[in-house]
Amino acid sequence: MKKDLNINIHEITRVEGHGNIVIDIRNGRVKELKLEIIESPRFFEVMLKGRKYDEAHHIMSRICGICAVSHTSASLKAIESAMSIRISKQSAMLRKLSYCGELLQSHILHVFFLVFPDLVGAKSIVELFESHPELARTGLKLKRCANDICETVSGRHIHPISLAPGGVLFTPKAGELKGLKKELLRLTDGLERALDFILSVPAPSFSMDREFIALKDKGEYGLYGGTPFSSKLKHIKPESYTKKIKEYIVPYSSAKQARSPKGTFMVGALARVNNNFRQLSTRARKAAFVAGLKPPSYNPFMNNVAQIVECFHATDEAVDLIDAILEIGPRPEPVKKPAAYGTGIGIVEAPRGLLFHEYDINRDGVVERAECVIPTAQNLRSIEDDLRAFVPAILDRPRSEISRSIETLVRAYDPCISCSSHIMDVSFE
Amino acid sequence: MVAKTRGLIMTVVALPKVAFFSFTCCEGCQLMVLSCEKELPDILRHVKIVNFREAMTGKTDDYEIAFVEGSISRTEEVRKLKKIRKTARTVVALGACSATGGLNCLKNRFPMEEVKKTVYGRNASRYRAFDTLPVRAIDEIIKVDHYIHGCPIPKKDFLRTLTALLMGKVPEVNRNPVCVDCKMAGNICVFEKGNSCLGPVTRAGCEAVCVTYGAICWGCRGLVDNPNMDAHSETLERYGLTAASIMQKFDLYGNCKLEKSETICQHHPVTRRKQKGR
């Protein structure tokens, strides 16, 4: 078995953003292992400084094209908590519906466009179109439906328009919502096909103990509401989140990393499914059962399966939301006005994990300070720790295969580098 | 490529090679391209996409059309951008960040050292990973052949531009203000609703989607050519608004070029009033 290995993957592909992986192994020991985030830093915390509160969600949405609805939602929740704005029930449901659309769209994009090509040895969805046309078309169809949800409710998926402080600016018509429901009910076949396909290639068996952090909500699966819950620390108060979860800079990366008092932790689909399994919809739990995903699962490769499980859940939840909205309206409502000023925190589960925004807003309605904790930044340390344990175990394989396995592991986390500053390449030095 | 088969001349045209590049941005405009679910299979029949890091493995330096997303905020990006210009026959700016600098320019309001310290702490300047330059649009560095505006780009704009390029035509430039699109969409004017809006001076082509969905025009597509500033300031006056309030809205997307572009500053009511005052 060989003992030395030098890997340098420059600009890892099929992930969102720019990043490199540098691994140096001597005598079977990891000498150096770095996940270099080379994305140009964006400095959103600075960009928001001095802007009016009613521009904040618009600006913060631009942190990321994939999870724009999540950033908008976290931002709105922070503004509304700082300014004592209580939105109506219908507004909250419409926002949640838009959020379900984003979760579906993000997971489907990742699973079909970025992960499936790996499973068949294709380089992209383009090659997948040639080798598995049926499957690729299914992916596009599912993605179209997810986009339709966001478009109908909030104008578009990438940088939603109608979500604003105080509620929503646009109310979809009952007929449009009914149309969406029909489309959603037709998704089942496609999702089952995705599940069958991912199970046809067994996930590598690799497990490492770690902490999982995700939102926990009383009545429902924590996505849009709830408070942070850790598998090891239990409940974490939103106000003390940044005290418990410490962000720190690493000199080789424009994204910060984070640790909890217990060390490495993971956020995202697997963390949510592990922490809140019982609150998933019946169909989602059944899908998890079929896929052999039993909580808690410590295998990061299972994150992709957890994403498909969540797609079932999001579909069911979207249908329930539409039914509930149709029951009370939908009727246009004026947006609520601010009643106070001060500091506010907004937390939601972005598709990739817990997303935290905190703003100080002064009496003129101007943002004086902003702080954001991004899911991918919270996962970077976990990815590095996994690689450190995973790579020495596969040293006997051919170099190209090692390289591919490394990318596959990183990709399983669905890192979003634009968000974390913006991620990736793998380099064997 | 021409192949002769038994006296019959068969022409095989090599597919044009298209590359996508991404600099400082949210990658939302690339995603907008991936969101053309209905059209993607057709597009793939007519072009060969050789570079699209977000969606495919494999890179090459052989391409004819380059779509460039994002603004420029690092020395490394300047070098890469210049190389793209040398390689590509046609360079298209994809979205607000590359076309006008976009929202990223909000950063330029502060000195770069302060910017780094705020996000990365006191020792930020020690590390190369946090290096940053004031944000620039790509045409402040290289010559750009065509622009697709918007934050994010409208799908139709991308499809229209790509089709034109493939047919060897010059993509049409929309010279209307957003108000024209807004009227066609049948919207009630934002000013009538007691709000203010950048529609009168912003380049159309977005079907006024923001106003349709209850918001205002934030000016993401940049100023229309020869904006009618007089009419805009009359509108403002009619609704009892001050030019200063609208100027603040302008700098959400217009900051980069607004500071530099004399033409805009000279014509805008705010600057003009200041000059009269002198």
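What percentage of the 429 residues in chain A is made up of buried residues? In this predicted model, local features need pLDDT of at least 70, side-chain atom pairs count only at pLDDT 80 or more, and totals for chains, interfaces and linings use all residues. Residues are numbered from 1 along each chain as its sequence is written, chains are lettered from A and ligands numbered from 1 in the order in which they are written, and side-chain values use heavy atoms, with hydrogens and water left out.

Buried residues account for 66% of the 429 residues in chain A, where buried means under 20% relative accessible area with a 1.4 Å probe, counting protein chains only. Chain A, which holds 15 helices and 15 strands (DSSP runs of H or I with at least four residues, and of E with at least two), has a radius of gyration of 21 Å, which agrees with the value near 22 Å for a compact globule of 429 residues (taken over C-alpha atoms, the rule being 2.2 Å times the number of residues to the power 0.38). Along the principal axes, the C-alpha atoms of chain A fill a box of roughly 70 × 45 × 35 Å.

In chain B, an open sheet of 5 strands with parallel pairing follows the order E4-E3-E5-E6-E7, two strands being paired if DSSP finds at least two bridges between them. Its edge strands, E4 (48-51) and E7 (146-148) of chain B, each pair on one side only. Within chain B, strand E5 (residues 65-69) and strand E6 (residues 90-94) pair in the parallel sense over 5 bridges, and Ile65(B) stands opposite Thr90(B) in E6(B).

Conventions. Buried means under 20% relative accessible area, exposed over 50%, partly exposed in between (1.4 Å probe, protein chains only).
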